[in-house]
Amino acid sequence: MKNKIVFLLVTSILFCHQLPASAQAWTITPEEKANIDFQLVGAKIFAKQGRYNEAEDLYKEILKADPTNTMAQFGLGKTYLFEKKYGEAKNCYKNVGRLGIPEGLLPVYYFNLSLIYVGLGNNKAAINELHKCLSLKPGYKGAKELLGMIEEAYKRDGNTSMIIIESVRR
């Protein structure tokens with residue numbers, strides 16, 4: 001009897017810990033999904049136009065409704081990158097990594113993460129992310145160019161050289 005109670009207790013605890021993420025997926029109606037998709041398109045348009053505050057607001061609204069939305073987390077991180085909010089961008093990209101990066105976005109993910117590390121002044125980490133990017137897409141022009149710049153600066157000054165990246169859009 002005691003073993004059954006312990007088993008039920010452990011099972012209940014495990015179920016409750018999984019419930020928030022699972023419940024979130026169950027509660028998104030088709031109408032909410034359509035609205036989220038519409039907001040994603042709007043946020044991308046705002047970001048392309050350089051209207052980062054509006055893009056940021058839309059991405060955050062999407063994430064309130066669906067915290068596991070990889071594309072919103074990815075877009076918010078990219079928006080933070082363009083706003084030079086590197087710490088926030090890094091947090092978003094780490095969340096994307098935990099949620100699961102869509103395969104087609106892996107090279108862009110690593111490239112953007114390298115830009116974040118450059119912004120944070122960590123050339124060594126940026127080089128590491130660029131190598132990951134280029135292992136997936138060897139012809140990625142921006143990654144090749146940035147890797148050359150960073151490696152040259154790193155050889156010259158170690159991790160102390162600041163590399164300024166202006167308006168890199170991928």
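K85 is partly exposed, with 29% of relative accessible area. That lysine is a handy way into this predicted model, since K85 pairs up with E83 in a salt bridge whose closest N and O atoms sit 3.7 Å apart.

**Charged pairs**

Side chains of opposite charge can pair when their charged atoms come close. How many salt bridges does the structure hold? The count is seven, and three of them are set out here, including the K85 pair.

| Salt bridge | Closest N to O distance |
|---|---|
| R51 and E54 | 3.4 Å |
| E83 and K85 | 3.7 Å |
| K141 and E145 | 3.9 Å |

Start with R51 and E54. R51 has a relative accessibility of 36%, so it counts as partly exposed. E54 comes in at 32% and is partly exposed too.

Now for K141 and E145. Both partners belong to helix α8, which covers residues 141-157, and they are four residues apart, or about one turn of the helix. Is K141 buried or exposed? K141 is exposed, at 58% relative accessible area. E145, on the other hand, is partly exposed at 44%. Besides pairs, there is a network: E56, K60, E83 and K85 are joined into one by salt bridges that share partners. K85, where we began, is one of its members.

**The overall layout**

Stepping back, the protein has eight helices and zero strands. Reading from the N terminus, the elements go α-α-α-α-α-α-α-α. Of the 170 residues in the protein, 38% are buried. As for how the chain meets itself, take the contacts between residues at least 6 apart in sequence: 52% of these join residues at least 24 apart.

**Where α4 meets α6**

Two packed helices are described by the angle between their axes and the distance between the axes. Helix α4 spans residues 70-82 and helix α6 spans residues 106-119; they pack at about 35°, and their axes are 10 Å apart. The crossing of α4 and α6 is left-handed.

Which residues make that contact? From α4 come F74, K78 and L81. On the α6 side they meet V108, Y109, N112, L115 and I116. Sorted by type, the residues of this contact are six nonpolar, one polar and one charged.

Another residue of α6 worth a look is S114. Its relative accessibility is 0%, so this serine counts as buried. Leaving aside residues up to four places away in sequence, S114 touches A126, E129, L130 and L146.

**The cysteines**

A disulfide is a covalent bond between the sulfur atoms of two cysteines. How many disulfides are there here? With a cut-off of 2.5 Å between cysteine sulfur atoms, the count comes to zero.

Two cysteines can still be described by how much of them is accessible. C92 has a relative accessible area of 5%, and because that is under 20%, C92 is buried. C133 is buried as well, with relative accessibility at 0%.

**Pulling it together**

In short, this is a protein of eight helices and zero strands, with a left-handed crossing of α4 and α6. Its seven salt bridges include the one between K85 and E83, while S114, C92 and C133 are buried.

Key
Residues are numbered from 1 along each chain as its sequence is written. This is a predicted model: local features need pLDDT of at least 70, side-chain atom pairs count only at pLDDT 80 or more; totals for chains, interfaces and linings use all residues. Side-chain values use heavy atoms; hydrogens and water are left out. Axes are lines fitted to C-alpha atoms, for helices over the stretch in contact, and angles run from 0 to 180 degrees between N-to-C directions. Helices (H or I, at least four residues) and strands (E, at least two) are DSSP runs, numbered from the N terminus. A crossing is left-handed if the near helix is turned anticlockwise from the far one by less than a right angle, and right-handed if clockwise. Contact means heavy atoms within 4.5 Å. Ala, Val, Leu, Ile, Met, Phe, Trp, Tyr, Cys and Pro count as nonpolar, Asp, Glu, Lys and Arg as charged, and the others, Gly among them, as polar. Buried means under 20% relative accessible area, exposed over 50%, partly exposed in between (1.4 Å probe, protein chains only). A salt bridge is a side-chain nitrogen of Lys or Arg within 4 Å of a carboxyl oxygen of Asp or Glu.
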